[in-house]
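Please open the model in the viewer and keep the selection tool at hand. The tour begins at a pocket and then proceeds to the aromatic rings.

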Amino acid sequence: MIKVSVFSDLHFGFKEGDEELYKDPFDIMEEIANKTQDSDIIIITGDIFDSRNPSMKTIENAIKVFKRFFLKSSYLKIVETDKQIDGIIKERFESYRPIITINGNHEKPIYGEKSILDVLSEAGILLNLNFNKVTLEKNEERVSIFGMGNCAEKKAKEDLVIWNPKPIENSFNILLLHQNINPYIFFSQEYSLEVNDLPRNFDLIINGHYHQKVLDNLGKFLLLMPGSIITTQFKKEEANTCLLYTSDAA
């Protein structure tokens, strides 16, 4: 079985200057790294960083934490991807457990520029999907992961329709999003995506951004919102979060 661990909204760099609050997400990630040694794939659904321009200190601390996930060898092979990755990066992801991400709204790049997650992807630290997919295989079992990075809320439905991701046959199909999805929103936030707009032919849809745990069986698919590993808004609702969700994908 392919085992997948999921978490979201790390917000590295949050409250930089307040050492105790600043260290919290890094300390929690160290704990998560220790608890995911038997996982094959790590998925993080956006907002890894609290800013699109994190400090060098924050980038360095993030890389140190992510390297903790490289302690276990991977027995996965990349079967198919439309993400442009060179041979060196491909070898890295097939040698050590892949960390698969999408851009959140906090690290969404200015138009025409790369995000910090794109840079880390090119360095082989993680694999950032932005309207891309990757199919991984282990022991003749396959999981296909599709990622749509954060879009302007008023365009999210249109962008999802235009992309129109198609699940892969004979594979466990996961779609990653980072959007407001009605009715899972706080107060009167802007949104264009409704639950009924989500594709029905995926096995699992994982959405970041919403800082409260949601796990709903919507008939045709399972909807998971892990919540944030920290309370950036200091709201009561944020206390109900899923720091780590681990499941067999196939």
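Select helix H4 (residues 116-122), which supplies the largest share of the lining of the largest pocket, 3 residues; helices here are DSSP runs (H or I, at least four residues) and strands likewise (E, at least two), numbered from the N terminus. The model is predicted: local features need pLDDT of at least 70, side-chain atom pairs count only at pLDDT 80 or more, and totals for chains, interfaces and linings use all residues. Residues are numbered from 1 along each chain as its sequence is written, and side-chain values use heavy atoms, with hydrogens and water left out.

Next, display Asn 103, Pro 109, Glu 113, Asp 118 and Asn 130, which lie nearest the centre of this pocket among its 25 lining residues.

Turn now to Phe 70 and Tyr 96, an aromatic pair (ring centres within 6.5 Å; planes under 30 degrees apart are stacked, over 60 edge-to-face, the rest tilted). There are 10 aromatic pairs by this rule; the one of Phe 70 and Tyr 96 is tilted, at 6.4 Å centre to centre and 35 degrees between the planes. The two residues are 26 residues apart, Phe 70 in the loop between helix H2 (56-66) and strand S3 (77-81), and Tyr 96 in the loop between helix H3 (87-95) and strand S4 (99-101).

Then select Phe 131 and Trp 163, an edge-to-face pair with 5.4 Å centre to centre and 85 degrees between the planes. Because Phe 131 lies in the loop between strand S5 (127-128) and strand S6 (132-138) and Trp 163 in helix H5 (residues 156-163), the pair ties together parts that are 32 residues apart in sequence.

Finish at Phe 12, Tyr 22, Phe 26, Phe 49 and Phe 66, which ring pairs link into a cluster.

Technical notes:
On a 1 Å grid over the protein atoms alone, a cavity is a set of points where a 1.4 Å probe fits but cannot get out, and a pocket is an open set with protein on both sides within 12 Å along at least five of seven lines; lining residues have an atom within 4 Å of a point. Rings of Phe, Tyr and Trp (its six-membered ring) pair if their centres lie within 6.5 Å; planes under 30 degrees apart count as stacked, over 60 as edge-to-face and the rest as tilted.
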